[in-house]
Amino acid sequence: MSDKKTDHRVRYTKMVIKESLLKLLTERSINKVTVTDICREAGINRNTFYTHYANQFELLSMIENDLYEEIKQVVISSSNPQNLSYELCKYIKANKTICEVLFSEHGDKELLERILYISHDITIEKWRQQVKYFDQPLFESWYTFTAHGSIAIIKKWVNSGLKESPSKVAAFIDKATESVSKAFYSEEL
């Protein structure tokens with residue numbers, strides 16, 4: 001019984017620490033956040049913090065990796081590869097608070113790119129099946145182009161408060177990608 005109580009307290013403490021860092025990141029970058037700031041916000045002492053994390057950078061990295069792994073599971077378990085944009089946008093909307101912080105100017109600039117590259121192999125394979133002429137390096141460049149366009153749209157959506165529905169944002173991404181893809185597929189470069 002005491003193990004369950006301890007586990008609950010540890011989970012709660014870690015949750016409070018993570019939420020405190022996320023709150024502080026709405027105000028300033030990770031380079032301007034100290035462990036003392038996090039502890040003050042969380043209402044804990046520094047020893048408690050250091051029991052779980054080495055520093056604020058490790059804590060942020062763990063938060064980002066947890067988000068990445070959750071989204072990776074969403075993408076992998078998606079039954080329809082055509083709905084990947086929608087599934088990603090739906091997840092972002094459902095996890096608005098953390099995504100607004102992590103995709104903001106105070107978050108990791110490369111996190112969204114890492115997330116969009118989860119679907120790399122699925123997308124490349126889809127393209128391989130759709131075209132007669134398949135040049136791997138050319139399609140790798142094409143994926144990079146479409147991924148970065150998608151990143152820009154998602155960041156704009158997140159930074160404007162996620163006002164549009166996930167389906168509307170995903171439809172725009174898919175339509176933009178598909179319309180350029182048709183022209184791209186029709187020419188051999």
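## A chat about an all-helix model

Author: Before we start, please keep in mind that this is a predicted model. In helix 2, which covers residues 35-42, the buried residues are Val-35, Asp-37, Ile-38, Cys-39 and Ala-42.

Reader: Okay, and which residue follows helix 2?

Author: Helix 2 is followed by Gly-43, and the phi angle of Gly-43 is positive, near 70°.

Reader: Does UniProt list anything around there, I mean, what feature is placed at residues 34-53?

Author: The UniProt record, an unreviewed entry, places the feature "DNA-binding region" at residues 34-53. In the model, that stretch of chain is 75% helix and 0% strand, with its end C-alpha atoms 13 Å apart.

Reader: And which residues does UniProt list for the "domain: HTH tetR-type"?

Author: The unreviewed entry gives residues 11-71 for that domain. The span from 11 to 71 is 75% helix and 0% strand, and its end C-alpha atoms lie 21 Å apart.

Reader: Let me zoom out, then: how many helices and strands are there in the protein?

Author: The protein has 10 helices and 0 strands, and its C-alpha atoms fill a box of roughly 65 × 35 × 30 Å when this is taken along the principal axes.

Reader: How much of it is buried?

Author: Of the 189 residues in the protein, 38% are buried, while the accessible surface comes to about 11200 Å², with 52% of that belonging to carbon and sulfur atoms.

Reader: Switching to Lys-72, where is it found?

Author: Lys-72 is found in helix 4, which runs over residues 56-77.

Reader: Why does Lys-72 count as partly exposed?

Author: Lys-72 counts as partly exposed because its relative accessibility is 29%, and the partly exposed class lies between the buried one, under 20%, and the exposed one, over 50%. Lys-72 is also 46 residues away from Ile-118 in sequence, yet the two are 6.4 Å apart in space, C-alpha to C-alpha.

Reader: Last topic, pockets: what is the volume of the second largest pocket?

Author: The second largest pocket has a volume of about 170 Å³. The elements that give two or more residues to its lining are helix 9 (136-159) and helix 10 (166-186).

Reader: Which residues line the second largest pocket?

Author: The lining of the second largest pocket consists of Ile-153, Lys-156, Trp-157, Ser-160, Glu-164, Lys-168, Val-169 and Phe-172, and by class this lining has 4 nonpolar, 1 polar and 3 charged residues.

Terms used:
Residues numbered from 1 in each chain as written. Predicted model: local features only at pLDDT ≥ 70, side-chain atom pairs only at ≥ 80, totals over all residues. Heavy atoms only, no water. Helix = DSSP H or I, 4+ residues; strand = E, 2+ residues; numbered from the N terminus. Buried < 20%, exposed > 50% of the residue type's maximum accessible area, 1.4 Å probe, protein only. 1 Å grid on protein atoms, 1.4 Å probe; cavity = no way out; pocket = protein on both sides within 12 Å on 5 of 7 lines; lining within 4 Å. Points joined across faces, edges and corners; volume = space filled by probe spheres on them. Nonpolar A, V, L, I, M, F, W, Y, C, P; charged D, E, K, R; others polar. UniProt positions renumbered as here; feature names shortened; annotations may be inferred. Areas by Shrake-Rupley, 256 points an atom, 1.4 Å probe, with all protein chains shown as cover.
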